[in-house]
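This report covers empty space, a surface patch and charged pairs in one protein chain.

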Amino acid sequence: MSVRAWSLLLVLCGTIFLEGIDVAMLAVAVPTVRADLGLSTGTAAWVMSAYVLGYAGFTLLGGRAADLLGRRRMFLGWLAVFLVFSGLGGLADEGWTLILARFVTGVAAAFMTPAALSIITTSYEEGPQRNQALLVFAGTAAGGFSLGLVIGGLLTQLGWRWVFFAPVLLAAAILVAALRLIPKEPRPARGKGGFDLAGALTAAGAMLLLAYGVVRLEHGLDGWTVTAAAIAGGLLLAGLFVAVERRAAVPLVRLGILRRASLIRADLGALLFVGSFFGFQFVATLYLQELRGWSSLETALALLVMGCDAVLAPTLTPRLVARFGNARVILGGFVLAVVSYALFLPVGPDWSYAAMFPTLLLTGIAFALAYGPLTIAGTDGIAEEDQGLASGLLTTATQFGSAVGIAAVTAVYGIAGGGIGGFRAALVVPVAMVVLGAVISATGVRAERRAGVPEAATEVTV
């Protein structure tokens, strides 16, 4: 790639790095924020959940908006919104202000992240060049989260407000560079039917209710009627959304894209893999901090080894994909994750770091093998005018996956009564998720063998 192509990729990767580091830093800082502002347990929990709700609730709409309203326009505009509301979070003195800031920041990420991914898939030629760009993008995402844990611990020592102000400085630098490097584009034609407002409203409503229901799963049986009502309402609106799209002259989502076997397989795989990863990371953090009494910085440094995927994803993974094919590398990542999480199942109350290290290292390697190729599979072979939609679907899957993973392990931990028994029970969740993901990924390998063509070319009827 040329110097300009690498520079553009660096800017776009900066966005996913910003998103990852922002989430990770706040995860470390929340206890300090709670103590300083005198927040209740419920309010502190919503400081984290509000971001997830905004992100998961609007990612599908954000991805399609990039196709319909312009990728550059959506990227720059919502990056600016991210910058402003991250700064507002740093100035907050009350819980409701902080929750509002986190919700809008999540909405901004829901629009800018699919836009960034679709700019990559439309700016780099399909094949080795695009694959390399996507693998670098995936590695940067993982690196942002891993480094964010450490940086968040350091910044919290200086003052928790720096956890919000640091992303403002990074976002400003990315915005200035993006204005110069992302080429201008004509406004996309939306056709005679105009904008599908009914589709946008029903999609956003469905995703918000489903995301809220998923976040509430962490409460287990407590308040289950509210959780069930939210999920039922989300499913009802999702059904209405499908009916609206079938009748729309210019639908928000072209439902035919859901007939692609590779896209469905990649999105389900991403949901399960990312969900297992965040579920495991959450359990490991609780184990180290609550049971072992480690500080937030000690915990972050212990988990840093998982960040090896930031190095392996753009270096080792492209070679493996070129030699063995995308589907086989994805399957290898899932199988390695099964082994990794299973090794942690017998965790004891006084395990040494040496006993934990194999799982942490293998988890990072598994992420390097699976996440980038899943990103490739979720966007490969998609028409340029639908790249934003495909990116939005993939990002929606990863966001719902992270929410499901964390909520499920939290619920199981509580039901199991906490303690070391609760940790062991909760660890079954990520194991089950990657086992299911391995089964789904294996069908992709069989599809390639049976068809004798790249998996992206196959379709299924949905």
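For the classes used below, Ala, Val, Leu, Ile, Met, Phe, Trp, Tyr, Cys and Pro count as nonpolar, Asp, Glu, Lys and Arg as charged, and the others, Gly among them, as polar. By these classes, the lining of the largest cavity has seven nonpolar, no polar and no charged residues. The model is a predicted one.

**Cavity and pocket**

A search of the whole structure turns up one cavity of 30 Å³ or more. The space in the largest cavity is about 30 Å³. Its lining is made of A284, Y287, L288, L303, F344, M356 and L360. Two helices, α9 (261–291) and α13 (353–379), each supply at least two residues of that lining. The largest share, three residues, comes from α9.

The second largest pocket has a volume of about 840 Å³. Its lining is formed by 27 residues, and L60, M207, L258, I264 and L393 lie nearest the pocket centre. Two or more lining residues come from each of α7 (197–216), α8 (224–247), α9 and α14 (387–415). Of the elements, α8 gives the most, with six residues. By class, this lining has 22 nonpolar, two polar and three charged residues.

**Surface patch**

On the surface, L147, I151, L301 and L304 make a nonpolar patch of about 300 Å². L301 is placed in helix α10 (residues 296–303). Because partly exposed covers the range between 20% and 50% relative accessible area, L301 counts as partly exposed at 47%.

**Salt bridges**

Side chains of opposite charge can pair when their charged atoms come close. The count of salt bridges comes to five. Three of them are listed here, with the distance between the closest N and O atoms.

| Pair | N to O distance |
|---|---|
| D67 and R64 | 3.0 Å |
| R64 and D386 | 3.2 Å |
| D67 and R71 | 2.8 Å |

Within helix α2 (residues 41–69), D67 and R64 lie three residues apart, about one turn of the helix. How buried or exposed are the residues of these pairs? Buried means under 20% relative accessible area, so D67 at 8% is buried, and R64 at 8% is buried too. R71 counts as buried at 10%, and D386 as buried at 4%. Sharing partners, the salt bridges join R64, D67, R71 and D386 into one network. The pair of R64 and D386 links distant parts of the chain: R64 is in helix α2 and D386 in the loop between α13 and α14, 322 residues apart.

Methods: Residues numbered from 1 in each chain as written. Predicted model: local features only at pLDDT ≥ 70, side-chain atom pairs only at ≥ 80, totals over all residues. Heavy atoms only, no water. 1 Å grid on protein atoms, 1.4 Å probe; cavity = no way out; pocket = protein on both sides within 12 Å on 5 of 7 lines; lining within 4 Å. Points joined across faces, edges and corners; volume = space filled by probe spheres on them. Helix = DSSP H or I, 4+ residues; strand = E, 2+ residues; numbered from the N terminus. Patch = residues over 30% accessible without salt bridge, like charges linked within 9 Å, V, L, I, M, F, W, Y side chains within 5 Å. Areas by Shrake-Rupley, 256 points an atom, 1.4 Å probe, with all protein chains shown as cover. Salt bridge = Lys/Arg side-chain N within 4 Å of Asp/Glu carboxyl O. Buried < 20%, exposed > 50% of the residue type's maximum accessible area, 1.4 Å probe, protein only.
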